[in-house]
Structure formats: structure tokens, C-alpha cells
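Let's take a walk through this protein together, starting on the inside and working outward. Keep the structure open beside you as you read.

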Amino acid sequence: MRDPAELTTRSTQVQAQARSISVRADDRVGFLRLMWLAFAGMLIILAQTSAAFARGESLAPLAEKISPAVVNITTSTLIENQTGPQGIVPEGSPFEDFFREFQDRGNNGENAPRRSNALGSGFVISEDGYIVTNNHVIAEADEILIEFFPGDGQPKKELPAKVIGADEKTDIALLKVEATGPLQYVKFGDSDVARVGDWVIAMGNPLGQGFSVSAGIVSARNRALSGSYDDYIQTDAAINRGNSGGPLFNMDGEVIGVNTAILSPNGGSIGIGFSMASNVVVKVVDQLREFGETRRGWLGVRIQDVTEDMAEAMGLDKPGGALISDVPDGPAKDAGLLAGDVILSFDGVEVEDTRGLVRQVGETTVGKSVRVVVHRDGGTQTVLVTLGRREDAERSEGGEEETSEAPVEENADILGLTISPLTDELRTDMGLDENAEGLVVTQVDEASEAYAKGLRSGDLITEAGQQKVTSVEDLEARMDEAREAGRKSLLLLVRRGGDPRFVALSLEE
């Protein structure tokens, strides 16, 4: 039997150990609680930071920085007044003198020319006074006045400007003012790195209200409106009439677009505006500044996109590239490019479609020799082409190829088409050159694939399977060759009114 004193001592030790364990547990709980409070505090701070970021910082500092480089543009054009009662009575009418007298009384007998004013925007790109705007802002103007941002407490400053050069295709113009000192200016940014969702600022003179700032985001990129060289940034930043020619800024204060057009049913902003991408504008401005005009590269081919059935008919792995439908006199013909070639690569850059090729060729230096990789006869070939100048080509007409006369045969029904060899009588009726050859489409089954793809009576088929056809036998032979090669479609080169295009028709019955 244990001594009571010993039991008491033992009990005391157990209680002490228990208290020690309890203290350590309390310390752990306290530590964990402290860690949790710290973590929760961090979450609160992050949430507050995110909310502040979502609200966005004030754009005032950026606007103050770039505003001095933005300008309002007022143009003036002299318009001759009509000198007679045009539009009221026919010329030579016995009432002509009466209405002329009536008109003269209405304007006190004055038929003096009047001035028409228009407003737009622009921005300074150099300290010595070069200014970028839209061509349509200054087109046909005989006086151009530039109003500069006044700043706080500063007097209004206006200077006359002269046109250095303009480009209708991209709607860009370059102006110049003579200032007494260096001007504040802005730089171009890289529009290719702009992402959908990035914040942007539009500045200009909307509806003649004076200097205004609007903000939004990049809504879309690579928009095409109507031109061959279009590359528009779409934005929901408010753009109205008068904003034309003004800058679209990124958050670094760099110009990534020139505000050019809006999509609107009522003429006002509905959040769909378009700015010509800066990477297009820079090339145009550099040429206008150096030459006073644009100098675009010219390849000298007519092209069309390659569809899936065309790709299958030509043995391509996938659609893509630009299919040459015609090669008039020019650099491409001199270098040996042929109708039916598919341009896969131009100057080391893969060609995705016709639009991309047109832009790339136009941006290439005139006179440069470039390597053009084409798909031809089931393989690839590289052709070296020395580019001409598009502006020179547009002033002249291309030549025609010489061909031989086709034999006379009976009509035949093939691929939903009624076709006939080209005769002298048909050449005369169709207004074709005496050397033209091929197969004439005299009728198209409206339920056929050919009709759905746009073939019509009067079309001229000059090639099938990328080989010339002058007889029904030629066409049937091309069809047999395509089937033997395992192809499901036959590629036809069709001309209408002198304009060529390729069409792929299914061979499956």
C-alpha cells in the first residue's frame, strides 16, 4: 500500500503536466488563430485592391499628358453657286427666265461663290509640325486651319496647314504647320499587340464641341470595311462626326489607331467605331512624308481564296493561300507565275488568304525581288519576282494572252452544264476577242451544284483541272484524270466579262 504523501505528490505532477499540455495546446490554437486572422486580412486587402483596379484609376493624368498633341481641324472649300434655275424647270423652257428672276430676287441677285466649312480632328507626330488626319477630312479643301489644345489659362492658338500627301485607300492624310517653336507630339504604338479588352482613349472634336475625351476598350481587331488594305481596330469608345482623324490611344499614351468610321443607323455613336491600325498608318505616313505619295508593291495577278472543295480538287492538304486566276502583263508574268498556281508563301511569310497577300504585297518595297512559293502540278515551286509599283499599274491596262481557235462540235451536258465549243459566231455574240478559246456555257440546270456556285449561261470555261480545254473531249479527259487520281472535285477556270474565277464542281454522281 502506497504512502498517501507519495500519491499526493504524484497527483500534483500529473496536474502540472496536464496544465503544461493545455498551455501548449492553447499556444497552437492562438498561433493558428493569429495566422487565420492575418490570412483573412490579406484577403480583404486583395479584395479592396481588386475592386480599386476594377473601378480603374483616373484617366486625367494620361489625358493631361497627351492632350497638347491633339488638334481640331477646320477646312474651308469654295463652292460655286448655281447661276440659273437648275432643277426647277427644264433647260430651254419658256419659264426659265421667270424662275431665274425669282431666284435672283431670293438671293438679292447675288450668285457669288460661298464657302463650305467642315470639322475634323488630328494629332501632331513631330515637334516640327507634321500632323496626321483622315483624307476625307481635308479632301478638296482649299484652306485648312489647325486649332491646338489651349491648356489651362492659355489663349487659343491656330495655324494654317498645307497637305503633304494623302492616301485614299487607307483614308490617311499628312499635313504640315509652321510653328515658332517645337510642338508637343505623340508617338505611334504597336497595334499588333493590342488585345481585345484592352482599355483605349479616343480624343477629338466630336460634332464640333471642341476637345473631348472618351474611353472604352478594344472590341475587336482586324476588321475590314471596304478597302484592300483595311485593318481596323473596333472600339466602343464614343466616336462621332468630328472625331474623324483623331487618335486612339493605349494606356501608355501611344497612338494605336486613327479614328475613321462608325457603324450607326442614326449618325451618332452606338459603341461601334473603327480606327485604322497604327501599323498600317505608320507605313503610309512614312511614304507620304518622304515622297508626298504612296508607293506600294505590285505583283500583277488576279487572285481568289481557296475553298475546301478547291483544295481537294487541286490535291492540297487544306484550304489556304491565294489562287491565281489570271496573270496579265506585269511582274508575275515576267517571272513565270501561271494561272492556277496557288501562292503559299510570299517573301518568307505564309499566305493565309487573298486579303493577307494583298496587304503584304502592298507593304513591300517597290523593286524588291521576293521569293514566291507556289503549289503547281501537285508540288511546290519557288519563283523569284521583282515587284512593280501598284500606282503605275493602275494607270495602265494589262495585255491579253494569245490563244488558238477551237474546233466546232455539238453541245454536251456535263456537271449540270450544257456546254458548246467556242465558234466564230459565239465569239461575235459574246463580244470576245477573236483569239479567245474554251467552252461556252449555254445553259445551267438550276437544281445543280454549278448553278448554286454561280455559273450562268454565257460563262466561258477556259481550264479544267488546271489545263486548257477547247473541246468536250478535253473536259471529259480532265474529269477522268481527276477520278483516277482519287479526287472528288474538278477545278474549272471560268471567265465572265473578261473576269476570271475558279470554281470546283463535284465529280460524284
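A good place to begin is the largest nonpolar core, a set of 24 residues in which V132 and F249 touch the most other members. Please keep in mind that this is a predicted model. Several elements give two or more residues to this core: α2, β3 (130–134), β6 (172–177), β7 (199–204), β11, β12 and α5 (278–291). Of these, α5 provides the largest share, with five residues.

If you center your view on V132, you can see who surrounds it. Leaving aside residues up to four places away in sequence, V132 touches G122, F123, I125, I172, A173, L174, F188, G245, V258, V281 and V285. There is also a second, separate core of 22 residues, which includes I419, L455, A482 and V494.

One of the contacts of V132, V258, makes a handy stepping stone to strand β11. Is this strand enclosed or open? Six of the eight residues of β11 (residues 255–262) are buried, that is, under 20% relative accessible area, so the strand is largely enclosed by the rest of the structure. Strand β11 has a partner in β10 (residues 247–249), and the two pair in the antiparallel sense over three bridges. Within that pairing, P247 has V258 as its bridge partner. Five residues lie between the strands of this hairpin, and G253 takes a positive phi near 75 degrees there. Strand β11 also runs antiparallel to β12 (residues 273–277), with five bridges joining them. In this second pairing, A261 is matched with F274.

Now let's move to the surface. L59, W199 and M251 make a nonpolar patch of about 290 Å². L59 sits in the loop between α1 (4–55) and α2 (60–66), and its relative accessibility of 32% makes it partly exposed.

The charged side chains are next. Side chains of opposite charge can pair when their charged atoms come close. Searching the whole structure turns up 22 salt bridges. One of them joins E394 to K169, with the closest N and O atoms 3.2 Å apart. Because E394 belongs to the loop between α9 (390–393) and β21 (412–414), while K169 belongs to the loop between β5 (157–167) and β6, this pair ties together parts that are 225 residues apart in sequence. E394 is partly exposed at a relative accessible area of 45%, and K169 is partly exposed at 35%.

A further salt bridge pairs R221 with D192, where the closest N and O atoms are 3.6 Å apart. R221 is in strand β8 (residues 212–223) and D192 is in the loop between β6 and β7, so parts 29 residues apart in sequence are tied together here. R221 is partly exposed at 23% relative accessible area, and D192 is partly exposed at 46%.

D309 and K453 form another salt bridge, and their closest N and O atoms are 2.1 Å apart. This pair links distant parts of the chain, 144 residues apart: D309 in helix α6 (residues 308–314) and K453 in the loop between α11 (449–452) and β24 (460–464). D309 is partly exposed at 22%, and K453 is partly exposed at 28%.

To finish the tour, look for E293, R295, R389, E391 and D392, which are linked in a network of salt bridges.

Conventions: Residues numbered from 1 in each chain as written. Predicted model: local features only at pLDDT ≥ 70, side-chain atom pairs only at ≥ 80, totals over all residues. Heavy atoms only, no water. Buried < 20%, exposed > 50% of the residue type's maximum accessible area, 1.4 Å probe, protein only. Helix = DSSP H or I, 4+ residues; strand = E, 2+ residues; numbered from the N terminus. Pairing = 2+ DSSP bridges. Patch = residues over 30% accessible without salt bridge, like charges linked within 9 Å, V, L, I, M, F, W, Y side chains within 5 Å. Areas by Shrake-Rupley, 256 points an atom, 1.4 Å probe, with all protein chains shown as cover. Salt bridge = Lys/Arg side-chain N within 4 Å of Asp/Glu carboxyl O. Core = buried A, V, L, I, M, F, W, Y, C linked by side-chain atoms within 4.5 Å. Contact = heavy atoms within 4.5 Å.
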